[in-house]
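Biologist: I have a few questions about this one before I go back to the bench. Can you take me through the cysteines and the odd backbone angles?

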Amino acid sequence: MIYLIVYFICWIIAFILYSFVGGASFLFWSLYSHLVIGVGFFGIFNFIGHTILSEKVARTIGWVSNGFQKELGFVSLGIGICGILCHWVRDCFWIATAIPFCVFLIGAGILHIIEIKQKNNFNKGNVWIILPDFLMPITLIILFISLKI
């Protein structure tokens, strides 16, 4: 649920930046906020969940915590750091940040659906994450296409 809240916060921040900072289109500020705040927050939050709170997070998903989960946390941290760096580094770095993020989330979303179908895993951590797993990457893809980046 937190990812959906942050997703909508990104749109609000994009509107604020467009209204008060200006200098660029609303689409630009939307992409900027979804990368810096959305991807950045996702990575940091996912890192904390899958490393520091790994046992608790694994239970909410219906998994058993293990070393691979912690690896997932560190991959998320790297993606999150890239998202935050999008504030300072532009141009091709933005798409280079979005590609692993989008592939990761779409793949995760597909795996969560498979868990539901094959293992009847309806744990809230396995079900509620599906919407942001697809919504966040699709939003980035649409924004990149709209801006012709």
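Biologist: Is Cys-82 buried, exposed or partly exposed?

Modeller: This is a predicted model. In it, Cys-82 is partly exposed, with a relative accessible area of 27%.

Biologist: And how many disulfides are there?

Modeller: The count comes to 0 disulfides. Cys-82 is in none, and the nearest cysteine sulfur to its own, that of Cys-86, is 7.2 Å away. A disulfide needs the two sulfur atoms within 2.5 Å, so that pair does not qualify.

Biologist: What about Cys-10, which cysteine sulfur is nearest there?

Modeller: Also that of Cys-86, at 12 Å, and Cys-10 is in no disulfide.

Biologist: Is Cys-10 buried or exposed?

Modeller: Cys-10 is buried, with a relative accessible area of 0%.

Biologist: Changing topic to the backbone. What is the phi of Asp-91?

Modeller: Asp-91 has a positive phi, about 55 degrees, although it is not a glycine.

Biologist: Where is Asp-91 placed?

Modeller: In the loop between α4, residues 67-85, and α5, residues 92-119. Asp-91 is exposed there, with a relative accessible area of 65%.

Biologist: Then Asn-120, what is its phi?

Modeller: About 50 degrees, so a positive value at a residue that is not a glycine.

Biologist: Which loop holds Asn-120, and is Asn-120 buried or exposed?

Modeller: Asn-120 lies in the loop between α5 and α6, the latter being residues 124-127. Asn-120 is exposed, with a relative accessible area of 58%.

Conventions. Residues numbered from 1 in each chain as written. Predicted model: local features only at pLDDT ≥ 70, side-chain atom pairs only at ≥ 80, totals over all residues. Heavy atoms only, no water. Helix = DSSP H or I, 4+ residues; strand = E, 2+ residues; numbered from the N terminus. Buried < 20%, exposed > 50% of the residue type's maximum accessible area, 1.4 Å probe, protein only.
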